[in-house]
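Student: Hey, could you walk me through this model? I'd like to hear about how the chains are arranged and about the salt bridges.

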There are 2 protein chains.
Amino acid sequence: MRQLHLNLFVYPAGHHEAAWRFREAKPERVLDIAYYQELAQRAEEAKLDAVFFADGPSLPDNVRYASRFRLEPFTWLSAIAAVTRHIGLIATASTTYLEPYNLARLFASLDHLSGGRAGWNIVTTGAPQAAQNFGLDEHPVHAERYGRAHEFLKVVTALWDSWEDDALVIDQAGGVFADTDKIHTIDHVGERLRVRGPLNTPRSPQGRPVYVQAGSSEDGRAFAARHAEAIFTAHQTLENARDFYADIKSRVKAEGRDPALVKVLPGISPFIGSTEAEARALHQEFNELTQPEYSVEQLRQFLGIDLSGHDLDGPVPREKLPTHEQRGYGSRFGVVVDIIERENPTIRRLLHRLAGARGHWVTAGTPEQIADRIEEWFTGGAADGFNVMPPYLNGGFEVFADHVLPILRSRGLFRSEYGGATLRDHYGLPRPASQYA
Amino acid sequence: MRQLHLNLFVYPAGHHEAAWRFREAKPERVLDIAYYQELAQRAEEAKLDAVFFADGPSLPDNVRYASRFRLEPFTWLSAIAAVTRHIGLIATASTTYLEPYNLARLFASLDHLSGGRAGWNIVTTGAPQAAQNFGLDEHPVHAERYGRAHEFLKVVTALWDSWEDDALVIDQAGGVFADTDKIHTIDHVGERLRVRGPLNTPRSPQGRPVYVQAGSSEDGRAFAARHAEAIFTAHQTLENARDFYADIKSRVKAEGRDPALVKVLPGISPFIGSTEAEARALHQEFNELTQPEYSVEQLRQFLGIDLSGHDLDGPVPREKLPTHEQRGYGSRFGVVVDIIERENPTIRRLLHRLAGARGHWVTAGTPEQIADRIEEWFTGGAADGFNVMPPYLNGGFEVFADHVLPILRSRGLFRSEYGGATLRDHYGLPRPASQYA
């Protein structure tokens with residue numbers, strides 16, 4: 001039976017923007033590695049595929065009102081690797097603001113020290129303020145970033161392949177540590193990058209980290225179709241998720257790749273209660289903790305228009321919205337416009353709709369209802385699994401693990417034990433051979 | 001009583017170039033994180049100040065004959081941090097081949113997750129082949145690299161200071177997560193770098209990692225005098241070490257800094273036996289495992305001349321040596337020339353002299369003799385402690401910890417317990433205030 005793939009998307013106090021203010025929150029632990037290690041251990045007990053860390057090389061603007069600093073994923077996940085044995089470790093890293101040689105080393109090392117559990121969420125970085133931390137006048141435009149991303153991926157793939165699997169000989173008597181005939185320079189000379197190689201470490205357990213992609217723009221979809229092995233995506237409705245799923249799988253096929261080997265994993269942020277009323281009341285409690293100063297600024301980033309000063313209980317001024325063309329990039333823009341068109345919400349209602357998980361699917365219900373919805377998307381051609389984004393941590397994950405997962409297991413939809421050792425094993429992906437072998 | 005500072009300098013199978021071929025070696029574990037975690041735990045049991053990892057962003061040329069690949073220090077040390085509680089964690093990282101914003105994040109994170117145990121060995125990268133992994137035609141010249149290093153240090157120091165210590169407020173009721181008046185852009189616009197900031201993470205336990213420096217060239221000494229809090233250095237004789245020590249301390253004073261707050265730590269690679277004869281025999285056993293193909297190539301890198309083809313049992317052709325001026329950079333050149341001038345060795349003898357620890361002080365003796373020599377350098381104005389470079393691991397460290405350290409303790413020269421929690425505590429260094437406070 002086809003199995004769900006489930007990741008825990010880790011965010012300091014939880015995904016709801018007011019999570020750190022919730023009565024159960026422990027915001028004093030947001031910098032405590034033990035807090036994250038415990039979360040990952042709990043996710044591993046629950047047999048999840050992976051934990052996932054977002055990232056960006058700049059400080060978000062609205063740290064005054066929410067726990068929106070950044071945890072550096074390589075160091076954090078290495079410390080998590082040390083106290084776990086099975087769970088995958090997915091780090092977001094930017095092709096725009098890292099050098100390919102440095103990124104290749106970090107992932108190879110994470111894969112070595114975790115015994116083959118590394119995944120790379122490949123991003124080009126959306127936040128324009130990052131440019132100013134790297135000596136640039138302006139954030140490179142979307143097409144330029146994706147141009148570099150394609151070339152970058154070619155380079156780091158070659159670096160990860162540059163030691164063949166059997167290059168490490170370790171013949172003590174003969175005095176041969178490594179067979180240098182099986183270690184290759186990559187000699188890449190491209191439009192934007194020049195990298196000689198080889199990498200300075202032997203090939204890692206998975207060969208390469210699992211390639212994950214998270215942008216749903218046109219450029220993002222084209223990139224995913226060519227390269228991604230797992231795709232994180234944001235959808236508010238089954239219908240939209242189904243359209244995306246079908247589109248991506250057909251693009252993958254058009255690239256000559258097997259659609260079954262590309263896992264589509266939408267985000268889900270569940271508020272869970274023992275009754276539906278209780279779940280809705282919990283969601284409402286979070287909404288009441290939101291702060292408009294934060295929410296309006298986030299909306300400005302999604303839509304490109306500033307609604308501060310408007311009556312929050314008035315309608316969204318639809319005439320002010322930019323067009324899809326004007327926004328150029330940003331799959332989140334489409335998600336928000338879709339909510340506005342479908343629901344015609346007040347500004348406050350729209351802010352609440354986005355407060356839970358920044359545009360991802362927020363849903364409130366009983367464990368049975370949440371399991372039903374997951375199954376509906378999974379069997380309905382909309383998802384191969386989910387990025388689970390608990391509104392608050394760690395309680396919001398505890399209740400999911402204790403009450404939703406048993407139902408999914410009883411339906412035969414999710415594993416009770418790990419079947420393999422690596423993240424590729426969990427996702428059912430093959431280990432790639434070196435291109436030089 | 002003044003106390004020794006001792007680090008364990010970790011190298012895959014040990015520092016001797018033939019360590020991986022030694023009968024006790026476990027070269028099949030050179031990529032096993034548990035092997036390094038056990039080493040660090042053993043060093044922590046022995047109450048050492050820190051473990052130290054070298055690094056460089058390219059593959060050394062001679063990996064065929066020795067375990068000369070690279071362990072990526074940030075990931076490796078993060079996984080070590082997770083299984084230790086006190087020992088310092090010093091990572092080498094390059095100011096030439098990393099972006100300051102990325103490096104600042106990695107160290108702040110390592111310091112957070114280790115509870116204040118991070119140290120940065122600041123290097124400009126000596127290996128010219130690194131340039132080709134980063135799109136450059138040529139490795140930048142020494143003066144250019146140091147120019148960038150000075151500016152780089154200014155930038156990352158400002159980034160580490162950019163959140164004042166009390167910027168993190170976490171007022172749940174009032175809805176203030178961080179006091180943005182205490183989070184500062186750094187707005188650096190310099191000759192080589194432009195970085196806006198702020199860093200995207202709160203200030204770390206130590207404020208900044210401990211600043212370590214390891215080059216003894218003229219530029220290196222000037223840099224160390226201005227910035228370093230600990231200095232790693234290579235000397236073959238007490239006299240040379242004493243000259244270096246006096247020179248550095250007087251330069252530090254000339255910069256208006258307190259010489260007592262700059263720890264000078266030469267390398268020492270001890271072969272230890274229960275008799276002196278046994279220690280010498282052990283050293284000889286290692287020398288017999290060396291391979292001229294490896295050793296001659298290493299010598300070429302140190303001296304800039306290729307002696308392959310020469311009779312190994314003939315004299316070093318001194319007339320072929322370049323001048324100090326011609327070598328331009330590289331403190332190791334001076335060390336090797338000094339050996340040649342002092343000892344007039346055959347080529348084979350010179351290769352053996354450098355096989356132990358790449359130019360660092362190699363010494364064979366009983367535990368009592370090793371302790372005597374350490375004390376002589378420590379009390380004789382040549383060292384504030386040592387970077388311990390066991391010729392083989394982990395046995396070469398075990399015998400040092402079990403037999404040499406107890407003697408140093410009985411003489412009151414080395415701690416029996418940690419007195420503090422952070423690497424700054426171990427080294428007796430103050431915690432720097434933020435420049436923005």
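Tutor: Here we go through the chain symmetry and then some salt bridges. This is a predicted model, where local features need pLDDT of at least 70, side-chain atom pairs count only at pLDDT 80 or more, and totals for chains, interfaces and linings use all residues. Residues are numbered from 1 along each chain as its sequence is written, chains are lettered from A and ligands numbered from 1 in the order in which they are written, and side-chain values use heavy atoms, leaving out hydrogens and water.

Student: What turn lays chain B on chain A?

Tutor: A turn of 180 degrees, with a shift of 0.0 Å along the axis, and the RMSD is 0.0 Å. That is the relation of a two-fold axis. The superposition is by least squares on the C-alpha atoms of residues with pLDDT of at least 70 in both copies.

Student: Which residue of chain B comes closest to the rotation axis?

Tutor: Ala79(B), with its C-alpha at 2.3 Å.

Student: And why do the copies meet through the same surface?

Tutor: Because 99% of the interface residues of chain B are also interface residues in chain A. Contact here means heavy atoms within 4.5 Å.

Student: Switching topic: how many salt bridges are there over all chains?

Tutor: There are 67. A salt bridge is a side-chain nitrogen of Lys or Arg within 4 Å of a carboxyl oxygen of Asp or Glu. One of them pairs Arg194(A) with Asp137(B), with the closest N and O atoms 2.8 Å apart.

Student: Where do those two sit?

Tutor: Arg194(A) is in strand 8 (residues 194–195) of chain A, and Asp137(B) is in the loop between strand 4 (118–123) and helix 4 (142–161) of chain B, so the pair joins two chains. Helices (H or I, at least four residues) and strands (E, at least two) are DSSP runs, numbered from the N terminus.

Student: Is Asp137(B) buried or exposed?

Tutor: Exposed, at 61% relative accessible area, while Arg194(A) is partly exposed at 33%. The cut-offs are under 20% for buried and over 50% for exposed, with partly exposed in between (1.4 Å probe, protein chains only).

Student: What does Lys249(B) pair with?

Tutor: Asp384(B), in a salt bridge of 2.9 Å, N to O. Lys249(B) sits in helix 6 (residues 238–254) and Asp384(B) in the loop between helix 12 (367–379) and strand 13 (385–388), so this pair links parts of chain B that are 135 residues apart. Lys249(B) is buried at 12%, and Asp384(B) is buried at 5%.
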